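Subject: Structure for you to look at, with notes

Hello,

Please find the structure below, followed by my notes on what turned up in it. I have tried to explain each term where it is first needed.

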Amino acid sequence: MSYIENYSVNGTSLDNHKYAIESVTTNIPSLKGDNLVPAMDHGSRWRRKRLASATETWTIWVSDNLASTGLPPSTAAGRRAAFNANLDEFLSLVTTTHKATGFDAPLKVVRKLKTNASSPSDIYRVNYGEVIGGAAITRSQDQETAKVSLTVSYPDPRWYESNSSGTKTASTLTADGNPGGTALMTRMTITLGSASNPYIQNVTTGSKITWSGGSPGGSLVIDTYGYTAKVGSNSVVGNIDRTGSTTTDWFILRPGVTNDLESNTSYSISYCKAFL
């Protein structure tokens, strides 16, 4: 079997002879935060919201097929044994609580998608999640199969462009440009050239970062997700100044439009395109 689009979890495809996804129900994340309610004014005032976590509901068929042949064993006892082994394998895969190094959550989930209707090709997106709320297992009475329904929660609701193994694909901006994607991007590494009080500002989103205290004496590398700033191996996060910024995130790229970037030195922004 080979679906046009499918999922993999921690490197194991959910499109194989032993178990395969039947359907996925995606819940677009809600917005969290409230508008301001001034005591001395009418109504309320709009305030920028942030994305809450996202969930998907998966329905998966587990069979009694053998991986080696794609067929069930010839005996009833063999079919029962194969089914039990496949179910144990699947549940062990998706219910792990071990978070591997570099993962944001226990499950690395990779989607395979089709793009370009005139000449279709595969693209991939990755996210990290965990199974919540247990799993409902409905076993067939007349054959060794079961339908499993479970909910996967993604703490970061955004999916990121990747290769087939789930390694994120880096994109770079060194001038004004459209970063791509469909969701706000807040995870990036910004490199600023040495200058007096180097800064970078995204006029489009209102983000601004300045290194105060003269010249850093080398390239300044800022990690907006880890909230670090370094010159070489030296931490200089104490020199980071966000005066003039209107965003709570250190830096934001807005998808679908040209981002107006300003700086008093050369710069490079390395990021991954984000999607809902």
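Two strands are said to pair if DSSP finds at least two bridges between them, where strands (E, at least two residues) are DSSP runs numbered from the N terminus. Before going further, please keep in mind that this is a predicted model, in which local features need pLDDT of at least 70 and side-chain atom pairs count only at pLDDT 80 or more, while totals for chains, interfaces and linings use all residues. Residues are numbered from 1 along each chain as its sequence is written, and side-chain values use heavy atoms, with hydrogens and water left out.

With that in place, β13 (residues 199-202) is a good strand to begin with. It is joined by 4 bridges to β14 (residues 207-211), and the two run antiparallel; one of the facing pairs is Q201 with its bridge partner K208. In the hairpin that these strands form, 4 residues lie between them, and G206 takes a positive phi near 90 degrees. A further 3 bridges join β13 to β19 (residues 261-263), again antiparallel, with S263 as the bridge partner of I200 and L261 standing opposite N202.

Together these belong to an open sheet of 4 strands in the order β18-β14-β13-β19, with antiparallel pairing. Its edge strands are β18 (240-241) and β19, each of which pairs on one side only.

Which side chains of β13 are buried (under 20% relative accessible area, with a 1.4 Å probe and protein chains only)? I200 and N202, which point to one face, are buried, while Y199 and Q201 point to the other and are not. In a regular strand the side chains alternate between the two faces of the sheet.

I200 also appears among the contacts (heavy atoms within 4.5 Å) of I190, leaving aside neighbours of I190 within four places in sequence. I209, F251 and I269 are also included in that list. I190 is itself one of the residues with the most contacts inside the largest nonpolar core, which has 30 residues; such a core is a set of buried Ala, Val, Leu, Ile, Met, Phe, Trp, Tyr and Cys residues joined through side-chain atoms within 4.5 Å. Among the strands that each supply at least two residues of this core are β12 (188-192), β14 and β20 (267-271). Apart from it lies another core, of 22 residues, among them I21, L87, V131 and A146.

Best wishes

Methods. Buried < 20%, exposed > 50% of the residue type's maximum accessible area, 1.4 Å probe, protein only.
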